[in-house]
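Okay, thanks for making time, everyone. Let me put the structure up and then walk you through the parts I looked into.

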Amino acid sequence: MKVYTGMDPRISLRDVGAHARRAEAAGYDGLQVSETIHDGFALALLALEHTERITVRTSVALAFARSPMLTAYTAWDLARFSGGRFHLGLGTQIKQNIEDRYGMPWSEPAARMREYVGAVRAAFATFRTGERPAFEGEHYRITRMQPYFNPGPDAETPEPSVFLGGVNRRMCALAGEVADGFVTHPTNSSPRYLEEICLPGLAEGRGRREGGAGALELVAGTQVIAGATREALDKERERQRRLFAFLYSTPAYRRTLELYGWGEMQDQLARMVRQDRWDDLHAVVTDEVLDALVPMALYEDLPELILGRWGSLADGVTVPLPADPAHDGRVAEVVKALQEA
């Protein structure tokens with residue numbers, strides 16, 4: 001099993017290199033870079049610059065806020081710079097954020113993402129061979145590439161692997177059909193979600209894949225609470241309760257709650273957000289819900305917990321790097337145990 005970690009979305013750019021080096025020293029297979037208040041590609045470049053071994057993946061870069069050609073240029077640069085250690089993770093975000101936060105148009109996400117991946121791969125082919133691109137779809141058209149603007153022809157740079165992130169069955173199926181991997185959102189990574197929605201969707205898409213099924217890596221955005229002491233666990237549990245409430249206030253993430261019969265909780269959280277009651281959200285999340293979806297364990301018990309929940313379902317999992325570097329050695333033992341399982 002591969003083991004990945006992330007980083008605090010509000011991390012200072014000056015601290016990214018040190019965080020990435022800690023992840024590498026702890027033995028992680030890779031670092032997943034989210035896109036919230038920083039540009040995900042800028043974070044990825046800093047992480048790659050300060051490491052030598054680990055994979056760095058955007059998880060996820062927002063496709064619909066960018067031109068596919070600009071995304072392809074950046075991904076190609078990062079792959080060349082790192083000797084192939086960069087993976088391009090793409091996601092859609094939600095309609096309100098694309099339209100009202102990024103000022104970009106929205107359309108049916110699965111169909112548009114299919115074209116987006118196709119356009120990015122067409123650009124990669126042009127960079128590799130020097131041949132003119134010929135991609136034309138409903139949303140994207142890429143047919144021009146003068147030699148002056150082509151970073152190739154370059155047959156040496158490893159073409160970046162393309163991962164998709166998402167929640168709904170259609171996006172899972174699309175990943176199975178066109179991507180090299182799929183990263184589940186932390187809100188939708190429970191074993192039940194993987195068994196009932198994600199894995200059947202991936203299998204459906206792989207059945208439509210050109211040239212046969214091929215390999216596809218499923219990385220579960222595992223939500224777990226880990227710590228060295230019971231006191232640390234209890235403190236982190238309350239932080240996770242607040243984060244959980246914020247994340248599940250987004251209607252697009254309600255799938256797992258529906259599976260457990262808790263869909264009305266999402267309705268309540270969404271109403272509170274519309275009333276601007278951000279500080280009250282956490283009170284809605286009961287201990288029963290948190291125990292089911294965000295289990296906790298001391299570091300010595302963490303491998304057993306993770307393997308018991310996700311070991312037979314996912315190819316990779318995410319394990320948080322401790323806030324306190326003094327506990328990095330404990331996490332290194334967890335990472336090694338999971339990799340060897």
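**Around strand β5**

Let's start with one pairing: Leu62 has Gly91 as its bridge partner in β5. From β4 the chain crosses through α3 to β5, and that β-α-β crossover is right-handed. Before I go on, keep in mind that this is a predicted model.

So, β4, residues 61–62, pairs with β5 in the parallel sense, over two bridges. There's also β3, residues 55–58, which runs parallel to β5 and is joined to it by two bridges. In that pairing, Val56 has Phe86 in β5 as its bridge partner. And then β8, residues 161–166, pairs with β5 over four bridges, again in the parallel sense. There, Leu90 stands opposite Leu164 in β8.

How many of the six residues of β5 are buried? Six of six, so to speak: the strand, residues 86–91, is mostly covered. In a regular strand, side chains alternate between the two faces of the sheet. Here, Phe86, Leu88 and Leu90 sit on one side, His87, Gly89 and Gly91 sit on the other, and all of them are buried.

Next, the helix in that crossover. α3 is residues 68–82, and it packs with α2, residues 40–49, with the axes 10 Å apart and an angle of about 5 degrees. With the cut-off for roughly parallel at under 35 degrees, α2 and α3 are therefore roughly parallel to each other. On the α2 side, the contact is made by Phe41, Ala44, Leu45, Leu48 and Glu49, and on the α3 side by Thr71, Thr74, Leu78, Phe81 and Ser82. If you sort that contact by class, you get six nonpolar residues, three polar and one charged.

Okay, over to α6, residues 169–178. Eight of its ten residues are buried, so that's another mostly covered element, and among the buried ones are Met171, Cys172, Leu174 and Glu177. What do the buried residues of α6 pack against? They pack against α5 (109–129), β8, β9 (181–184) and α7 (191–207).

Now, one residue in α6 that I want to single out is Arg170. Is Arg170 buried or exposed? Its relative accessibility is 54%, and exposed means over 50%, so Arg170 counts as exposed. Leaving out residues up to four places away in sequence, Arg170 touches Glu108 and Ala110. I also checked Arg170 against Ser312, which is 142 residues away along the chain: their C-alpha atoms are separated by 23 Å.

For the other case, take Glu217, in strand β10, residues 217–220. The relative accessibility here is 14%, and the cut-off for buried is under 20%, so Glu217 counts as buried. Which residues is Glu217 in contact with, neighbours within four places aside? They are Lys2, Tyr4, Arg57, Phe163, Asp180, Gly181, Phe182 and Asp315.

Two of those contacts, Lys2 and Tyr4, take us to my last stop, β1. That strand, residues 2–5, runs parallel to β13, residues 316–318, with three bridges joining them, and Lys2 stands opposite Gly316 in β13. β1 also runs parallel to β2, residues 30–33, joined by two bridges. In that pairing, Tyr4 stands opposite Gly30. Between β1 and β2 the chain crosses through α1, residues 16–25, and this β-α-β crossover is right-handed.

That's what I had. Over to you.

Key:
Residues are numbered from 1 along each chain as its sequence is written. This is a predicted model: local features need pLDDT of at least 70, side-chain atom pairs count only at pLDDT 80 or more; totals for chains, interfaces and linings use all residues. Side-chain values use heavy atoms; hydrogens and water are left out. Axes are lines fitted to C-alpha atoms, for helices over the stretch in contact, and angles run from 0 to 180 degrees between N-to-C directions. Angles under 35 degrees count as roughly parallel, over 145 as roughly antiparallel, 65 to 115 as roughly perpendicular and the rest as oblique. Contact means heavy atoms within 4.5 Å. Ala, Val, Leu, Ile, Met, Phe, Trp, Tyr, Cys and Pro count as nonpolar, Asp, Glu, Lys and Arg as charged, and the others, Gly among them, as polar. Buried means under 20% relative accessible area, exposed over 50%, partly exposed in between (1.4 Å probe, protein chains only). Two strands pair if DSSP finds at least two bridges between them. A crossover is right-handed if, with the strands pointing away from the viewer, the path from the first strand over the helix to the second runs clockwise.
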